[in-house]
Structures are given as C-alpha cells and as structure tokens.
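Biologist: Before I trust any label placed on this protein, I would like to hear the reasoning behind it. Could you take me through a few of them?

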Amino acid sequence: MIPYKKIIMKKYCVYLSLIITTFFLSCDKNDDVDLDDNQISISFEIEISKENTLRVIANNTSVGSSGLTSYWQFTENGEQVPDIAGPEMYLYTASGEYLVTLTIEGPTGDIKKSQTIIITGEDYVPPALKDATDKFSVGMAVRSGRLSGKHNEVLMRDFNNLTAEYEMKMDQMFKSQDNIDFTAADAIVNYGVANNMDIHGHTLIWHNTVPDWMKNFSGTNAEFETMIENYITTVVKRYSGKVRSWDVINEAIDDGSNSLRNSIFKLKMGDDYVEKCYQFARNADPNVLLFYNDYNVAASDSKRAAIFSLVDGLKAKNLIDGLGAQLHISIDSPSKANIEAVVNGTISRGLLMHFSELDIRVNPNNDITTLTEEREIAQQNKVKEVVEIYDAMPDANKFAITIWGMRDNESWLPDFWGNPEWGLFYNSDFTAKKAHAGFLEALQ
Ligand code: XIL
C-alpha cells in the first residue's frame, strides 16, 4: 500500500493585478483590497482532496464581494470556471505546479489573487473496507465484465462478498424452458470462490425479471409450479457450497397496498407461492442461507410491517434465515430512527440482517449538475450513520453490507431516476470518495 503522501502547498504572496481606473486601491500583505466605499477583501482557500490528489477544492473566502461576478482559473491564463455559491471542485489531469487565480469583477475593474499549488497526483490508497471489521462481510454488486483490471484491484482490496448485479436473475439465466445459461453467473461465482469471497445469490424470484417466454407460458398451473421448482432446485444445487446465501424472493410486497404483489408467480402458484419457493430452495440445499429482500423497508412503516409479517410466516416454518433491506436511500432520508426500526425488527426475530444494495442519492431533488463538496460530505455522514447502526447490532445478527455498484458512472441510479447521481463509493477514476471514509469512520 502506498502511504498517503503529505501534500506541500506553497503559498506565495502574491500576484495582485488590479486595474485601477478612478479609485485608489490599497493592497497589504494579506491581499486585502479596499475599493473605496466598496470594501473588498479578496481571499480564497485551496484544499487538495485526500481521496484524490489530482482534485482540488477551492473556496472563495473574500469579504465584501457578494453580488459581484467572480471566476477561477486553475491554470495560468486557463479556462474561466464560474465561481458559484459554495466550494468548487477541479480535477487536474496530471501532476505539476499550477497557478490558481480567483478574479472578482469589481465595480471599477477586476480584482485578482493567485496562489501556486503543487499537485503530486499520487494515488491515495485508503484503508480497506473489509479490514475494518471481522463481524460482517463487505459486499459489492458486480458484473462478469467488471472483474479485471482496476475493478479487480478494488474488489480484492475492499470486499469479501459479491452479489451479481443482474446476471443471476431469471431473465438472464432461464433462456427457455429447457435451457438455463450459467455462463455469466459461473464467471462471477468462480471469481469469488477463487478469491475467498462470499457469494450472495440474487435473486431466484423477482417479478421484474420474468423471462419473456415465461410470460406466455401455456401449460397448466401445476406444470408452471414444477418448472419453477426445477429452476430453483437446479440453480441452488449448482452453486451449493459456493453461494453462501440466496435472495429467494425479491420485492414481493406491493408498495401502495402493502399486500402480496401481483405477479405471474402469485397468479399461477397461489398466494402461498412465497412459502413454496422458500421450501424448494431449502430442499435443494439445507445449508444455504435464505433471505427475503425488499426496498423501502426503512422508509415506509406500513411496508416494513407487511414485510415483517411475510417474514414471520416463513420463520415459523424455518424457511428463512435473514432479511435484506436494499437501502437505496438518500442523504436526508430515511431517518436514523427508521433504519433502526428495520434492524430492531430483524434482531427481535433472530434473523440475519443484510444491508443488501446500499447506495445514497445526493441529488434526490435534481438541483445539482456536478457533485459538490457539501453533498459528498452529507453522503459520507449518511454512510457513517448507516454503518454505525449496523455495527451496533448483536454480532449474531450481522451478515453483510453490500454496496450496489462500484463507480458513480456505473450506478443504476442515473438511469432509474433520470437525473445525475453520485450514489456510490468511488469516482469514475476508481479513487475512493468521502463515502468510503464514512464507512471506515463508523467502524473505528
Ligand atoms: C438493478 C441493476 O442495478 C440494474 O443494472 C438492472 O438493470 C436492474 O436491476 N432492486 C434490486 C436490484 O433488487 O436487483 C436492482 O438492480 C435495483 C433495485
């Protein structure tokens, strides 16, 4: 591991270019500029990001300039970057010595201040997530095409649990009634096994990934049920001893009514399709851990109650081992108390708790177009809160926290919500975001 190298910032005083027209301007060593009755004291702070030493955060701390237009140049005579409210982030592409200039367009001319900074561009390698605890595993949603190169490096460093983001879902594997395609699933499982990682199977049954051919199934209901039993049995048996846990059913509870969601499985196998599917999985591998997985478990009290009621029915028959709360959440919701309610309900039932698909939206109101420092910090704080809640559970209920994707530019969130999002733990250059630090802080 390369230790984080302290960055040396040289602060020169200073280059002040003042276009003086009719007023007398005075400049002292602190670069204060008195502009007659418009008193402007120009100053700024530059911080080099610890997570990515090519990135700087620039904050205009000038006094008396509100209402005036200002802009940054992060290289000498470089592109003018508007100085909007709050700190600006700028990403250099290479190490070097750079002149950063802030220009305020004063009433009688431009007021400038510059500072030289040294960018080392060294990669900061943070402590590994998986090394921060031995009480639960730390998971990542993966794709078979994202297991090599930098993805591999990050996976090997930070994670010891894998979930297939989509390649172990029914529409991907169950190609036709007599053909289950294991190619991509095998690649993920084999990678995990070879690297001593746990594998969480996701998901045997989900109303959202019914293969097209199955939607037109023309056999009897009994034949449909046999087909589902065969599918569950074949898949679970194939990965017996390799996959540690399965989401048997994903998202069975309907949002509005909080009752059992209408699906082809409910239609053809009856309301007890849930119990049947769990029984098929138990029979196929009595040692694999069986989970029920859903979203809005924290956000909605009524949905949580409905989920716990479904889980209670399974638990009474010893058909379930754990609950997966997806935790696709935002920086400001759900509340700590609501997340604790999920955990407490799981503990009181003696089940394992999986925070199974963690991502944290920083732009739920679609009011930013680039990731701001402020939102990154809010995300870091929310991650910390989530992990602290998780870690406070009795060890017996701990299982894993899984993050739903690696880099922000790979996340399902922008597509799903239709606006820019930065919900994950890594930037597109694979450097760790503040969210990563928040996870570690919670376990210190
Ligand atoms: C999403 C994946 O991230 C996408 O790549 C895929 O296209 C659709 O599914 N709840 C779940 C996950 O249980 O399986 C979903 O994953 C996100 C919502």
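Modeller: What follows is a set of labels from a predicted model, each set against its cut-off.

Biologist: Why is Asn258 called buried?

Modeller: Asn258 has a relative accessibility of 17%, and buried means under 20%, so Asn258 counts as buried. Asn258 lies in the loop between strand 16 and helix 6, and Asn258 has a positive phi of about 60° although it is not a glycine.

Biologist: What makes Asn366 partly exposed?

Modeller: The relative accessible area of Asn366 is 45%, and partly exposed covers what lies between under 20% and over 50%, so the label fits. Asn366 also has a positive phi, of about 50°, and its place is in the loop between strand 20 and helix 10.

Biologist: How do you know that the buried residues of helix 1 are on the same side?

Modeller: In helix 1, His151, Val154, Leu155 and Asp158 are buried. These four cover an arc of only 100° around the axis, which puts them on the same side of helix 1. In general, an α-helix has 3.6 residues a turn, so residues three or four places apart point the same way.

Biologist: What makes the pair formed by Glu165 and the ligand a polar contact?

Modeller: An N or O atom in the side chain of Glu165 is 2.5 Å from an oxygen atom of the ligand, and the cut-off is within 3.5 Å, so the pair counts as a polar contact. Taken alone, the ligand exposes 410 Å², of which the protein buries 78%.

Definitions and conventions
Residues numbered from 1 in each chain as written. Predicted model: local features only at pLDDT ≥ 70, side-chain atom pairs only at ≥ 80, totals over all residues. Heavy atoms only, no water. Polar contact = N/O pair within 3.5 Å; in protein donor to acceptor, adjacent residues only side chain to side chain. Areas by Shrake-Rupley, 256 points an atom, 1.4 Å probe, with all protein chains shown as cover. Buried < 20%, exposed > 50% of the residue type's maximum accessible area, 1.4 Å probe, protein only. Helix = DSSP H or I, 4+ residues; strand = E, 2+ residues; numbered from the N terminus. Arc of directions from axis to C-beta.
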